[in-house]
Every structure is written in structure tokens, then in C-alpha cells.
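Visitor: I would like to learn how to read a protein model, step by step, starting from a single residue and working outwards. Could you take me through it?

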Amino acid sequence: MNLKFTAEENKFREEVREWLGKNIPAEPLPSLDTAEGFELHREWEKKLFADGWSVPNWPKEFGGRDCSITEWLIFEEEYWASNAPGRVNTNGISLLAPTIFQFGTDEQQQRILPKMASGEEIWAQAWSEPNAGSDLASLSTKAIADGDWFILNGQKTWCSRGAFADWLFCIVRTDPESERHHGLSYLLVPADTEGMERRVFGRLDGRPAFSEIFFTDAKVHKSNLLGEAGQGWAVAMATTSSERGLNLRAPGRFMAAADKLAELEKELSASGQYSKQVANIWAKSRAYRWVCFSAAAKLASGGELGSTASMMKVFWSELDLELCALALEMLGDRAELMEGSPDAYNNSSWLDDYLFALAGPIYAGTNEIQRNIIAERVLGLPRK
Amino acid sequence: MQFEITSDQKLFADTFRSLLEAKCSSDDVRKSWEEGAPIENLWHEISEMGALSIFASEADGGLGLSEVEMALLMEEAGRAALPEPFLEHTVAVSILASILSPSLGNSNSTKKSGDKIIKNQIAELPEIFEKAISEEIILSPTNINSEYVAYGNRADFFLLAHRPDHFHLLEKDAVTLHTQKSIDEPRNPTKVEYDPSKETAVGGDPALAFNRGAVGAAAICLGTAQKLLDTTVEYVKERKQFGTSVGTQQAVKHHLANVAISIEHARPNVYAAAWHLACRDDLNAGEVAGEVDKAVSSAKALASDAANLAAKQALQCHGAIAYTIENDLNFWMKQAWVAANSWGNSAFHLNRISNSL
């Protein structure tokens with residue numbers, strides 16, 4: 001056990017810090033869930049990519065730097081501490097890419113990954129349906145093979161980034177007679193597919209962050225099938241482990257937020273009434289850091305996170321919510337002020353973060369589902 | 001950055017676990033509690049394993065190990081509800097080891113006045129130290145956060161943190177003991193009345209000793225919490241109500257999932273804190289001094305919370321059967337409450353973090 005960073009890791013950190021210091025936009029970008037903000041964030045992705053920082057942990061041939069998981073965690077620490085813009089292609093990079101690395105053909109990897117890394121193609125996840133949320137296996141969108149094509153009919157919803165994304169990654173039913181986990185396939189769908197329509201609707205913050213997707217005889221080429229037809233559930237589950245574990249939310253994000261919370265307390269609260277809560281959140285953000293470095297060591301020696309990813313997901317999502325809620329409490333009667341209000345604190349960034357954090361316990365499998373998984377697969381409690 | 005318990009460290013902890021499984025079963029613990037006597041021969045077996053001398057250098061006949069190994073052993077002690085002054089003695093040995101070989105201790109604390117004080121006592125110290133690592137005598141320290149010495153009834157010598165900057169060493173015949181009765185039966189918290197003098201002062205670093213004790217207690221919290229969780233998982237699988245096992249109920253599952261999350265997110269922090277302590281001299285002292293305290297405090301705060309949550313949910317998921325001294329669970333619940341509250345509870349450590357943020 002040696003928690004000292006190596007000279008190489010320190011050099012890597014320096015390099016990241018230096019690059020961010022020189023390149024971060026002087027003014028914060030508008031929300032990536034607006035039309036203007038989306039494109040500005042795409043530009044930022046291109047800038048990151050140009051210098052090899054958009055996907056540092058990917059192989060070089062796809063635009064990465066082949067850096068270790070530890071270095072990636074360092075990258076994330078520096079990234080979030082520097083107030084850099086949010087990442088508009090997180091769903092692609094963190095959720096889809098690991099699946100493409102695992103299941104994609106050479107052709108798919110060559111075609112998809114470099115454009116994902118550069119921000120040229122931005123991805124949205126389209127898994128949920130009006131009647132298939134936590135119970136994802138009850139999904140009913142059909143994709144029937146017809147020569148070189150799949151013909152899609154059905155509806156997806158809660159598609160984050162769906163309003164402006166270039167591509168969707170979907171789970172569809174390719175065997176119309178099948179039930180539950182059987183007969184599903186993992187299909188990549190271009191957003192300009194004929195027969196596909198999107199209805200954009202406002203998220204809790206009012207921004208057009210969500211969309212519903214309607215497929216009416218939409219034709220998708222079979223080269224966009226990821227993994228075997230009928231094996232979609234297994235392919236999808238490989239993604240959910242990334243989604244819940246450290247891939248989606250590195251500790252750097254919460255460490256930076258906890259540091260900001262401590263600063264906020266210093267600025268706003270002289271009485272010390274929030275001190276213990278702030279310290280507790282700070283401690284939890286560091287605890288998550290150690291959990292992730294420990295997980296990184298496990299992964300580096302060939303281990304797997306498996307269902308412990310579910311514990312991490314509950315932990316970070318509840319930490320995030322607790323953190324943002326406490327910030328709003330400190331802001332008192334300014335907490336409610338929206339972006340653009342003259343008195344809004346830091347352009348209402350804490351309110352934005354809070355609204356975003358509220359989704360954490362719901363997406364990527366609700367925390368209730370995660371607790372079931374922990375109880376059944378980690379603790380071995382009986383299902384029924 | 002290499003966050004991995006080595007195979008040697010794991011083997012050491014596993015050996016200790018096997019020893020405790022064999023010699024410190026819940027029946028043994030019950031007998032010890034009921035009779036108010038130590039488990040026969042157990043302290044000797046622990047000594048044979050070298051576990052009393054982890055902080056003594058190999059040259060001094062010890063194992064020359066660090067806080068990381070200490071944490072791993074304390075976790076096992078917690079899992080077994082070991083009714084012995086193991087943490088207290090280990091911390092006390094580490095204090096003497098630091099005094100005798102300052103390079104082992106915190107270089108910051110070896111003040112000039114401390115050196116002068118040490119000279120008065122140094123003739124006897126090596127002998128006491130040797131006896132302490134070979135089970136002949138038991139040492140117990142106070143800590144800067146408590147008026148009481150745990151297991152004061154068992155100690156032959158006391159290391160008393162008279163002021164924040166040094167300890168006094170006194171034999172039990174030279175002090176007056178006021179032993180209290182604890183809910184965690186074998187602990188016997190004891191107030192020690194003594195007359196500090198130049199002759200009794202030995203130096204040492206109470207702040208370092210406190211951090212060691214806090215990491216050790218955090219590890220005891222982890223082991224205790226894990227044992228409470230494991231026992232409860234087994235119980236709710238077996239226990240049937242409404243014609244099905246209680247463990248199929250989501251309300252029960254979610255209580256226990258929360259305990260698991262809490263333990264799994266405290267454990268790496270405890271190991272990290274132990275590592276920070278072990279490497280405090282390697283790390284740049286000026287820059288890292290505060291970091292060591294913060295790592296220790298977040299470890300103890302989160303481990304204390306995990307232990308308290310585990311005790312609460314273990315009782316709740318067992319129901320009335322655990323609300324009795326006839327069920328063995330009570331040993332671990334009581335140990336959880338007390339370990340969570342000793343060497344600084346969650347509130348103490350959160351305050352300490354808050355002051356350095």
C-alpha cells in the first residue's frame with residue numbers, strides 16, 4: 001500500500017493543471033441543456049480532444065492517451081477543481097464507450113469512437129419507455145430485422161441530452177415473441193433517422209433537457225447493432241456497471257464541490273451552525289476518493305467492481321444531493337433565485353446543481369433498485 | 001498510488017482472525033463478560049503471534065510494522081469483540097517505542113525539554129518496554145480526549161497525557177484508581193489520580209498517540225459493524241414471518257444495504273488514515289501535518305457512524321430477540337456504541353475537520 005503519487009503521476013497532474021489553466025473559457029458557458037450551450041460545449045469537447053484531453057484513459061488510436069485509471073482519477077480531480085465546463089458527451093464517453101470497447105466490432109470502434117472523442121458526434125441514452133423504467137426488461141420498442149435493416153416502432157422517454165444529440169443508444173426488442181430479458185438487442189440509432197421524431201420537454205429547471213423519442217417504421221442499418229442480436233440485456237448490463245461505478249462520477253467532482261461548500265460556509269455563515277454538516281460532507285467526499293482509488297487498484301489487477309458499483313452509486317448520488325441542499329440552506333432566501341436574477345448567488349449555480357443532483361437517486365437505476373441489488377447480490381438475501 | 005493491502009498484510013490479519021475465531025468465540029466472550037475475567041491464555045497467544053509488538057522495531061524484538069497492520073488487527077479485534085486492552089496496550093507500546101527510538105516517533109514532538117525529561121527515566125524505560133512487548137506487563141494510556149483509561153483494572157503501568165505535549169509513566173501502585181462500570185463490560189473505564197513530577201515525565205507525543213488510537217478505534221468500529229451486519233444477514237434469512245423469511249422484505253433489505261454502503265465507504269478511509277500516520281515522516285511534514293489529522297478524523301467520523309448505524313439496524317432487524325443479554329448480539333452492539341464514542345466521536349472529529357478546512 002502506497003498512497004503517494006509517483007513522480008509520473010505528479011507530472012501528469014501538473015500537465016493537466018497547466019493545460020486547464022491556459023484553456024478554460026474565461027466566462028462560464030451557458031447550460032449545456034440549451035441549444036446555444038450545447039454547441040458551445042461541443043466546441044469545448046473539440047478543444048479538449050485537439051490536445052488529447054477529452055478521453056485521456058482511452059487508447060491512443062481512438063484519441064486518448066492510454067492513461068491509467070489512477071491518472072484518470074487525477075485528471076478528474078484537476079478538471080473539477082478548475083471550474084472547467086460540464087461534459088456534454090458524458091453519456092457517450094462514460095456509458096456507451098466501455099460497451100463499445102467490450103462488444104463493438106473493429107469497424108464500429110473505428111467508426112464511432114474517434115468522433116465521440118472529438119465531440120463531432122454527441123450521444124444520448126434512450127433506454128427507458130413510458131412503461132419501462134426501473135423494470136427495464138419490460139420494454140416494448142420493437143426492431144424487426146428486414147434484410148440489412150431493422151425497422152423500429154415504439155417510444156422511448158427521459159432521454160437526457162436527447163433534444164440535441166446526434167446519436168442515441170437504445171435497447172430494443174428484436175424478437176417480437178420474446179419476453180423480459182430475452183430477445184433484446186443493443187442498437188445505435190442516428191438522430192436523423194427517417195421515421196424518428198423527438199418531442200423535447202422541459203426538465204424540472206425548465207430547460208429542454210429531456211426528450212421523448214417516437215419510432216414509426218424507422219429504418220436503422222444492421223451495422224449499428226452492438227453485440228449479438230438477442231443478447232442486448234447482457235450487453236446493456238455491462239454498461240450499467242460503468243454507469244453506477246466510478247466511470248460516470250469520479251470523486252474529483254464531489255471533492256471540488258465539497259471544497260466550494262466549505263468556502264461558501266466561510267463566506268455566509270459566521271455562526272458555525274453548519275460546520276459539522278460541512279465537515280461531514282467533506283469527509284464523505286474524501287471517503288469516496290479512497291473508495292475509488294481502492295477500486296482502481298482492484299480493476300488494475302484484473303478484478304471487477306460488480307455489484308459494489310451499486311454501493312458507490314447510492315453513496316455519490318446521496319452525497320451530491322446532501323451537498324447541494326446544504327448550500328441552498330446556507331443561501332437562505334437567495335436560494336430560490338433563478339439564473340438572471342440580479343441577486344442570484346453565482347448566477348444560481350447551487351440551485352442548478354441541486355436540481356441536477358435531484359435526478360441522481362433516480363437515473364442509472366433508482367437507489368431503491370440499487371439497494372435491492374446490494375441486498376441480494378452483495379449480502380445474499382433471498383429475492384423472494 | 002497503489003491502494004492495495006499486500007498479501008503479507010492480509011496473511012497477518014487472517015492469522016489473527018483465525019486465532020480469535022479459535023480462542024475468542026462468542027462463548028468465550030460471554031464467559032469473560034459474566035465472570036469479569038480475561039479469556040484464559042488469550043493474551044499469551046496474542047503475544048506469541050507478535051501482535052503486542054507491531055510498533056517495536058525488529059532490533060528490539062518486535063515486528064517493526066506500522067499503523068496499517070495495526071488497523072487490520074483492530075478490525076479483527078472488533079469482529080471478535082475481543083475483551084482485552086489490545087488497542088490501549090498497542091498505543092502505549094507505540095508511545096514508548098517513539099520515546100526510545102525517536103526516529104519511530106513524530107520528529108516534531110521531540111522537543112528539547114522533552115529530551116531532558118526523558119533522561120530522568122530512560123534507565124527504566126527499556127526494561128518496561130521489553131516487558132510490555134513480551135506480555136509481562138500491560139500498559140494503558142489516557143488520551144487527550146478522555147478522563148478515563150480503558151481497562152484500567154488490567155494495567156500494570158499507566159501512560160498519562162498530563163499536558164498535550166508529554167506523558168507521565170506511573171506504576172499502578174503509585175496511583176489511585178477510580179474504576180467505573182461500563183455498558184461494554186470488560187472495559188472498566190478508570191480515572192487515574194496521580195502526582196505528576198519531573199521524575200514521572202517521559203516525553204512522548206500525546207497528539208500522535210491520539211491519532212493512532214483514533215485509527216485503531218475506527219478499525220474496531222469497522223470490524224464490529226461488519227460482524228453486526230453479517231450476523232443480522234444470517235438471522236433475517238432464517239427468521240420467518242408471514243410465511244416467508246424476513247430477509248425477503250424490502251424494508252429489511254434496504255436497512256441492511258445502507259449498513260453495507262456505510263461500511264464499504266468507511267473502510268478505505270480507515271486504511272488511508274493508517275497509511276498517512278505510518279508515512280507522516282516521509283511526507284513533507286509542514287504540508288501534510290494537517291492532512292494526517294484530517295485523514296484520521298474523517299476515518300473515525302465515518303467509521304463511528306457506520307458502527308452506530310450497524311448497531312441500530314442489527315437490533316431493529318433482529319427485533320426483540322436482540323434486546324436481551326441472552327443473545328450474543330449485545331456484545332457487539334455495546335462495543336459498537338462505545339468504540340464509536342471513544343478516541344473522539346463523530347462530532348469531535350467533524351469539529352476537528354471543520355477547524356482545518
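**Reading a two-chain model**

Guide: Let us start with one residue, Leu329(B), which is buried, its relative accessible area being 2%. Please keep in mind throughout that this is a predicted model.

Visitor: How should I read that percentage, and where does Leu329(B) sit in chain B?

Guide: The general idea is that a residue counts as buried when its relative accessible area is under 20%, and as exposed when that area is over 50%. Leu329(B) has 2% and is therefore buried, and it belongs to helix H11 of chain B.

Visitor: Which residues is Leu329(B) in contact with, once its neighbours within four places in sequence are left aside?

Guide: Contact here means that heavy atoms come within 4.5 Å of each other. With those neighbours left aside, Leu329(B) is in contact with Leu228(B), Thr231(B), Ala314(B), Leu315(B), His318(B) and Ala322(B). For a pair separated in space, take Leu329(B) and Gly203(B), which are 126 residues apart along the chain and whose C-alpha atoms are separated by 41 Å.

Visitor: Is Leu100(B) buried, exposed or partly exposed, or in other words, which of these words fits it?

Guide: Leu100(B) has a relative accessibility of 24%, so it counts as partly exposed. This leucine is found in helix H5 of chain B, which covers residues 86–100, and, leaving aside neighbours within four places in sequence, it is in contact with Leu125(B), Pro126(B) and Phe129(B). The C-alpha atom of Leu100(B) is separated by 31 Å from that of Ser356(B), a residue 256 places away along the chain.

Visitor: Next I would like to understand backbone angles. What is the general expectation for phi?

Guide: Most residues other than glycine have a negative phi. In this structure, Asp217(A) has a phi near 50 degrees, which is a positive value in a residue other than glycine, and Trp343(B) likewise has a positive phi, near 50 degrees, without being a glycine.

Visitor: Where do Asp217(A) and Trp343(B) lie, and is each of them buried or exposed?

Guide: Asp217(A) is found in strand E7 of chain A, residues 210–221, and with a relative accessible area of 51% it is exposed. Trp343(B) is found in the loop between helix H11 (329–341) and helix H12 (346–356) of chain B, and with a relative accessible area of 7% it is buried.

Visitor: How do I read a whole helix in this way, for instance helix H10 of chain A?

Guide: One looks at which of its residues are buried and then at what covers them. In helix H10, residues 349–359 of chain A, the residues Ser349(A), Trp350(A), Leu351(A), Leu355(A) and Ala357(A) are buried. Their cover includes helix H7 (251–268) and helix H9 (308–331) of chain A.

Visitor: Now the chains as wholes, please: how many helices and strands are there in chain A and in chain B?

Guide: Chain A has 11 helices and eight strands. Its radius of gyration is 21 Å, close to the 21 Å that the globule rule gives for 384 residues, so chain A is as compact as a globular protein of that length. Chain B has 12 helices and nine strands, and its radius of gyration of 20 Å agrees with the value near 21 Å that a compact globule of 357 residues would have.

Visitor: What share of the residues is buried in chain A and in chain B?

Guide: In chain A, 55% of the 384 residues count as buried, while in chain B buried residues make up 58% of the 357. One can also ask how far along the sequence contacts reach: among contacts between residues at least 6 apart in sequence, 72% in chain A join residues at least 24 apart, and for chain B the corresponding share is 74%.

Visitor: Finally, how many residues does each chain bring to the contact between them?

Guide: Chain A gives 42 residues to the contact and chain B gives 44. In chain A, Met1(A), Trp282(A) and Trp290(A) lose the most area to chain B, together 20% of what that side buries. The area buried between the two chains is about 3,800 Å², and carbon and sulfur atoms give 72% of it.

Note on methods. Residues numbered from 1 in each chain as written. Chains lettered and ligands numbered in written order. Predicted model: local features only at pLDDT ≥ 70, side-chain atom pairs only at ≥ 80, totals over all residues. Heavy atoms only, no water. Helix = DSSP H or I, 4+ residues; strand = E, 2+ residues; numbered from the N terminus. Rg over C-alpha atoms; globule rule 2.2 N^0.38 Å. Buried < 20%, exposed > 50% of the residue type's maximum accessible area, 1.4 Å probe, protein only. Buried area = accessible area lost by both parts, 1.4 Å probe.
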